[in-house]
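Me: I'd like to practise reading a protein model with you, one feature at a time. Could we take it slowly and look at the general idea before each case?

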Amino acid sequence: MESKKSSFFLRFFLSLFLLILCGIGYLSYEAWNFLSTPANKNAKSFPVEIAENSSLRSICLLLQNKGIISDKLKFELYTRIQKQENKIQAGTFLLSPAWTPHKILEELTTGSTLLYKITIREGLPWWEVAKLLDEQGFCNAKDFKQAIHDKDFLHKKNIPFNNAEGYLYPDTYLLPKPKQITEQDAYKIASRLIDTFYLKTASLKQNIEYQKILNSPQELNKLLTLASIVEKETRLENERPKVAGVYYNRLKKDMILQADPTVIYGLGQNYQGQLLTKHLQDKKNPYNTYQHLGLPPTPICSPSFSAIKATLNPEKHDYIFFVATGIGANHTFSTNLKDHNRAVREYRKNIKKVN
């Protein structure tokens, strides 16, 4: 009787052991199969947004619903086993169902969120930059305006002026798009543009003249202001040193600059695309260089590196006038009013031919 009981228990435990082994084997196979098999090996990558403060369970459900993973429970278990449940980042990621769960988890915990391209063209005033950022969903224009006029923020960025005009470096950027835009997003982007200004102009520090200018807020303001005018007056890089030379010559002779772009900047967002005589005669506009001697109070846009470099190294000549040729983007430069008036008549004649 005892031997029968012993035999029964032996068979029972042996069967239980085999069952456990089979269970372990099955689970191991399932785990191996899940970890080594993509949800869809032929699929392409697409953006997936992970919201702030999302729970692991909700993330796994989202990934399954998007077809990124095949089983939300297995992915959740795998994430917990790897102790990565608190390391998944918020943001928009480029994920693919053709990836293994291991690669997907790695991307969510250590990869970069999806970045979007935005190009800030040369010659834009700050309100156009703000509008562009707002329209493309990076930040609110109102918040951007506040950021670039924030005295504490400007002090931290070593900008000794009333706003960051002149420092919002024109370039192509890759930036994240927040799901819910906050005030901080504007500060982050403004900081990025200003940091890029310092990075891009770092090579100019080899110029002794520029080193002196950097140590003088007043001189730096003059450089960026004149560079911003050069930026607006011509898009041709080979003309910029010559244009800068014209303005330096006029300043030395105490001549008014008569730069249309400065008047337009002073009109701000009220400018309707046509500069009228009343605008040129308006003495209340502090940026009206037809009425006020010297440079305007601040830069009128954030100039490119090319314009800054040209202004730092102006061409030495005797020209004090220039006007567009009316053919292409070139200008005619003159040393006296008589030649300049002749160039103006030629410009008008060429414009008529085009129209």
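Me: Let's begin inside the protein. Which residues does Leu133 touch, not counting residues up to four places away in sequence?

Reply: Happy to help, and please keep in mind that this is a predicted model. In soluble globular proteins, nonpolar side chains tend to be buried together. Here, Leu133 touches Ile118, Phe138, Cys139, Phe144 and Ile189, leaving aside residues up to four places away in sequence. Leu133 belongs to the largest nonpolar core, which has 54 residues. Leu133, Phe144, Tyr167, Leu168, Ile189, Leu193 and Tyr247 are the ones that touch the most other members. There is also a second, separate core of 18 residues, with Leu56, Ile68, Ile69 and Leu108 among them.

Me: Now Tyr173, please. Is Tyr173 buried or exposed?

Reply: Buried means under 20% relative accessible area. Tyr173 has 3% relative accessibility, so Tyr173 counts as buried. This residue sits in strand 4 (residues 172–175). Its contacts beyond four places in sequence are Tyr116, Lys117, Ile118, Ile120, Arg192, Leu193 and Thr196. Ile118 is thus listed here and among the contacts of Leu133.

Me: How do I look for empty space, and what volume does the largest pocket have?

Reply: Rolling a probe the size of a water molecule over the atoms shows where empty space is left. In this model the largest pocket has a volume of about 1,000 Å³. It is lined by 35 residues, and Glu233, Ala259, Asp260, Pro261 and Tyr290 are the closest to its centre. The lining comprises 20 nonpolar, six polar and nine charged residues. Several elements each supply at least two lining residues, including helix 10 (217–233), helix 12 (260–267) and strand 5 (321–324).

Me: And which element gives the most to the lining of the second largest pocket?

Reply: That is helix 8, with five residues. Strand 1 (46–50) and strand 2 (91–95) each supply at least two. The second largest pocket has a volume of about 620 Å³ and 22 lining residues, with Glu52, Lys177, Pro178, Lys179 and Asp185 nearest its centre. By class, nine of the lining residues are nonpolar, six polar and seven charged.

Me: You mentioned strand 5. How many bridges join strand 5 to strand 6?

Reply: Four bridges join strand 5 to strand 6 (residues 331–334), and the two strands run antiparallel. To find the pairing on screen, look for Ala324, which stands opposite His331 in strand 6. The hairpin has six residues between the strands, and Gly326 takes a positive phi near 85 degrees there.

Methods. Residues are numbered from 1 along each chain as its sequence is written. This is a predicted model: local features need pLDDT of at least 70, side-chain atom pairs count only at pLDDT 80 or more; totals for chains, interfaces and linings use all residues. Side-chain values use heavy atoms; hydrogens and water are left out. On a 1 Å grid over the protein atoms alone, a cavity is a set of points where a 1.4 Å probe fits but cannot get out, and a pocket is an open set with protein on both sides within 12 Å along at least five of seven lines; lining residues have an atom within 4 Å of a point. Grid points are joined across faces, edges and corners, and a volume is the space filled by probe spheres set on the points. Ala, Val, Leu, Ile, Met, Phe, Trp, Tyr, Cys and Pro count as nonpolar, Asp, Glu, Lys and Arg as charged, and the others, Gly among them, as polar. Two strands pair if DSSP finds at least two bridges between them. A nonpolar core is a set of buried Ala, Val, Leu, Ile, Met, Phe, Trp, Tyr and Cys residues joined through side-chain atoms within 4.5 Å. Buried means under 20% relative accessible area, exposed over 50%, partly exposed in between (1.4 Å probe, protein chains only). Contact means heavy atoms within 4.5 Å.
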